[in-house]
Amino acid sequence: MDTELGNKNEPEQHQNKKRMKLFLVFLNCMLMAIGQVAGPLLMRIYYLHGGKSNWLGAWLLTAGFPILIIPIAISYIRARAREQAGRLLVTKWLFGASAILGVLLGLDSYLYSFGMSYLPVSVSSLLGSSQLAFTAIFAYIVVKHKFTHYSINAVVLMTFGSLILGFHMNGDKPRGEPKGKYILGFFMTIGGAALHGFLMPALEFTYLKAGKAITFDLVLQVQFLISMFATLFCSIPMIINKDFQDISKEAAEFGLGETKYYTILLIAAIVLQFLVIGSLGVIFSSTSLLGGLVSSLLVPVQQAFAVIFLKEVFNAEKGMALAMCLWGFASYLYGEYQKPTKKNRPIS
């Protein structure tokens, strides 16, 4: 009788797990959406009205990591309530990998921050969308995700989209900004997209090589460590450059007022941490490729918000680059849909 009950419960348990997985995918995608749309807008406002520190912009991306203490604490309390010993789940391998990924994330944050300081959001978001192409390439190299005609098509289209923006640099350059700084911001953003494209498969590889079951509690601890090491990495040049001491001076001279200066930085730190949590969470609940797809899908939303709130110009070249981005995204998504469903296996 008990065996029959157990067999009947198995399909129900499978359905519950499937629903939970879908819920986690949806939740992490929503966190990504909030962070990816609001974060760059807030940082661009910071730079437009007197903000000067690129390292501060990079530091803000992960400085909100103490927020993760709340879900980690809840997880610990629940474990104690179930009479399970709350403990550090991270192995030496995961700790070392988290440290390396954290340093790379800090560097990636600086590249994006530098780009945002000189490029309009409508340009930086389109360039950033090329990370899907880099994700596809590095996912093939690192975690053996196979290339298809659709993924190759997506890579080519997004590359051409970036080239179109590159040929139209002068038309988008803000008034009074040196051309050299604009060009440097352009290539720094491309570099940030490439590094971000590597980070996502690298994290997926880290999970595959963890040597233990990857649970939600473990992912929270890994996220905390990655963000902590990224913040420490960005803090060192800020201390050397005395950026922390200059915050009060910068706030006093900020174009929108001191109160709005601190409000912008605080909200930016929170929503950018949402972006980090969502990006890492999508990899846990699905794959690095889905993270790249969602990031690219949010580009049109970023474009719309930049035009509405920052009064940025949306010209024909940006429209063509956006069309190529969406075409590449659709091609990639269709290719993923055509694949037979297979569970990810650890790499031997």
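**Helix α11 and its surroundings**

In helix α11, the residues D243, I247, E250 and A251 are buried. These four residues cover an arc of only 100° around the axis, which puts them on the same side of α11. On the other side of α11, by contrast, K249, A252 and E253 are exposed. The model described here is a predicted one, and the points below follow α11 to its partner helix and then to the loop that comes before it.

**How α11 and α12 are arranged**

- Two packed helices are described by the angle between their axes and the distance between the axes.
- For helix α11, which spans residues 243-253, and helix α12, which spans residues 258-285, the axes come within 7 Å and cross at roughly 125°.
- The two helices are therefore oblique to each other, since an angle counts as roughly perpendicular from 65 to 115 degrees and as roughly antiparallel over 145.
- The crossing that α11 makes with α12 is right-handed.

**Which residues meet**

- From α11, the residues I247, S248, E250, A251 and A252 take part in the contact, and from α12 they are met by E258, Y261 and Y262.
- Sorted by character, the residues of this contact comprise five nonpolar, one polar and two charged.
- I247, E250 and A251 thus appear in the contact with α12 and also among the buried residues of α11, whereas A252 belongs to the contact but is exposed.

**The loop before α11**

- K242 lies in the loop between α10, residues 216-240, and α11.
- Although K242 is not a glycine, its phi is positive, at about 60°.
- K242 counts as exposed because its relative accessibility is 51%, and the cut-off for exposed is over 50%.

Key
Residues are numbered from 1 along each chain as its sequence is written. This is a predicted model: local features need pLDDT of at least 70, side-chain atom pairs count only at pLDDT 80 or more; totals for chains, interfaces and linings use all residues. Side-chain values use heavy atoms; hydrogens and water are left out. Axes are lines fitted to C-alpha atoms, for helices over the stretch in contact, and angles run from 0 to 180 degrees between N-to-C directions. Angles under 35 degrees count as roughly parallel, over 145 as roughly antiparallel, 65 to 115 as roughly perpendicular and the rest as oblique. A crossing is left-handed if the near helix is turned anticlockwise from the far one by less than a right angle, and right-handed if clockwise. Contact means heavy atoms within 4.5 Å. Ala, Val, Leu, Ile, Met, Phe, Trp, Tyr, Cys and Pro count as nonpolar, Asp, Glu, Lys and Arg as charged, and the others, Gly among them, as polar. Buried means under 20% relative accessible area, exposed over 50%, partly exposed in between (1.4 Å probe, protein chains only). The arc is that of the directions from the helix axis to the C-beta atoms.
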